[in-house]
Amino acid sequence: MSATLSPSNSPRVRRRGSTRRNRAISHLPPYTPESHENALYAIRHYLKGRTSYDTFPVSFRLIVLDSKLEVKKALQCVVSAPLWNSDKSCFAGMFTVSDIIHLIQYYYKCSSYDAASADVETFRLESLRDIERTLGVDPPPLLREHPSASLYDAAKRLIQTHARRLPLLDNDTETGHEVIVSILTQYRLLKFISINCGKDIQQLHLPLRKLGIGTYVNPPPIPPDGEKPEGYNPFHPIATATMSTPVFDVVHMFSERGISAVPIIDEEGIVVNLYETVDVITLVRLGAYQSLDLTISEALNQRSPDFPGVVICTASDSLGTLMQLIKKRRVHRLVVVEGDKGRLLGIITLSDVLRYIIGDVAIGESQPESMVHTAVATPAPEPAAPEEPPATEAAAASEAGPAETAPEAPPAAEEAPAAEEAPPAAPEEKAPEEGAPPPEAEEKAAEETPAPE
């Protein structure tokens, strides 16, 4: 006879009493102005011991355009790339979004839509400098740096020249010809810092506005009679536009101010969107030159539906939080807002962040007194797997830049013209990863925003 297991005769299990363990005490150093300054010094010291080679991902590609390539074909490949003079076998500068903005201005002022549509079919990259001379625009400097130069020197070069990208060139030991190795961008440099200087980044706790990072609204005073002068900008010195502003007026702002994005606001100053140079490039690719007469509202209807959005922050967010955000996603600029509705307060670009971290030319040369007897040891990046030689694709004469987020345009192609990831929610203070993982592998073509900068 089989016994049936019932609650009365079931075996009892004796449970062990629970014991609660006290939580471990945090040993993080207190946040002080001294710790902030020491962290900045440690980052600068770290960059002086690293070269541009250290920022290279394990695998990447570099797209180089022949200067004789037609502009329209170039736009189908990339938004920004280094140029190569095949006749002289030498580096010929950079093809950037600014070149297309100048080209649009030239045809808008000096020609017609039909002529622009016909000429762009045969217009070559080597002729872009002629357009700049016609418009009276200073040609961009022919910047270059050796890959073995220190990252600190490369960062200073970016700051001093107001450039968003720095070509890295070497020489072929057999032929003596120049070799374009890669492009160092502001974003890649800041991401390298955020990955490899995690403990120092955590000490950068002071608010962005208190540190003077970014451009903030500072309107001119209103006359005593209370009447605002013509052209009065309540958001001075930030260039803004509304949904009814013509596209070409914004294009003129891009060229005149040397920026790559303009906040779109409503009548109350609430940020509703952001119009970038990449949006103009999309119109040119489609051959929609007449769309420059459209309003911003009409032009935004032609935007790709999968574009990610504008990254928004507040003036009280810390620099460390911003650097953590750069580590997680591609960011080229942040719109600073205030209030629950998100009224425009300022704008922060990667140039602003890099300029503060690196400091003035003389900053970083002397050691803070509080660190004279303290050894600063920031972990070196872990060695990456052996790289294969980067495949340089020469497109020769063949058929060939938080709180809630508002929509934002894709970044101005820092490497390959890829769209940004979806913007995160408001930045949160999270402990950075310990150790120093190598930079993440990304496909690398030529690039701000600055990205607008």
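**Loops, helix packing and ring pairs**

Ser 89 sits in the loop between strand 2 (81-85) and strand 3 (90-95); here helices (H or I, at least four residues) and strands (E, at least two) are DSSP runs, numbered from the N terminus. This is a predicted model, in which local features need pLDDT of at least 70 and side-chain atom pairs count only at pLDDT 80 or more, while totals for chains, interfaces and linings use all residues. Residues are numbered from 1 along each chain as its sequence is written, and side-chain values use heavy atoms, with hydrogens and water left out.

Back to that loop. Ser 89 has a phi near 50°, a positive value in a residue other than glycine. With 24% relative accessibility, Ser 89 counts as partly exposed; buried means under 20% relative accessible area, exposed over 50%, and partly exposed in between (1.4 Å probe, protein chains only). His 162 also has a positive phi, near 55°, and is likewise a residue other than glycine. His 162 follows helix 6 and lies in the loop between helix 6 and strand 4. At 64% relative accessibility, His 162 counts as exposed. Another loop, between strand 6 (215-216) and helix 9 (247-257), holds Pro 237. The peptide bond joining His 236 and Pro 237 is cis, with omega at about 5°.

Just before His 162 comes helix 6 (residues 151-161), where Leu 151, Tyr 152, Ala 154, Ala 155, Lys 156, Leu 158 and Ile 159 are buried. What do the buried residues of helix 6 pack against? Their partners are helix 1, strand 4 (165-171), strand 5 (178-185), helix 7 and helix 13 (350-358), where contact means heavy atoms within 4.5 Å. Tyr 152 has a further neighbour: Lys 48 lies over the face of its ring, at 4.8 Å from the ring centre. A charge sits over a ring if NZ of Lys or CZ of Arg is within 6 Å of the ring centre and within 35 degrees of the ring normal.

Now for the helix pairs. Two packed helices are described by the angle between their axes and the distance between the axes. The axes are lines fitted to C-alpha atoms, for helices over the stretch in contact, and angles run from 0 to 180 degrees between N-to-C directions. Helix 1 (residues 33-48) and helix 7 (residues 186-196) have axes that come within 11 Å and cross at roughly 110°. The two are therefore roughly perpendicular to each other, a label for angles of 65 to 115 degrees (under 35 is roughly parallel, over 145 roughly antiparallel, and the rest oblique). On the helix 1 side, Ile 43, Tyr 46 and Leu 47 meet Leu 189, Phe 192, Ile 193 and Asn 196 in helix 7.

Helix 7 also packs with helix 12 (residues 319-328), at an angle of about 110° and with the axes 8 Å apart. That makes helix 7 roughly perpendicular to helix 12. Here Tyr 187, Leu 190, Lys 191, Ile 193, Ser 194 and Ile 195 in helix 7 meet Met 323, Ile 326 and Lys 327 in helix 12.

Finally, the rings. There are three aromatic pairs in the structure. In one of them, the rings of Tyr 53 and Phe 56 have centres 5.4 Å apart and planes at 70°, so the pair is edge-to-face. Rings of Phe, Tyr and Trp (its six-membered ring) pair if their centres lie within 6.5 Å; planes under 30 degrees apart count as stacked, over 60 as edge-to-face and the rest as tilted. The rings of Phe 56 and Phe 60, with centres 5.5 Å apart and planes at 65°, are edge-to-face as well. Ring pairs thus link Tyr 53, Phe 56 and Phe 60 into a cluster. Within this cluster Tyr 53 is partly exposed, at a relative accessible area of 36%, whereas both Phe 56 and Phe 60 are buried.
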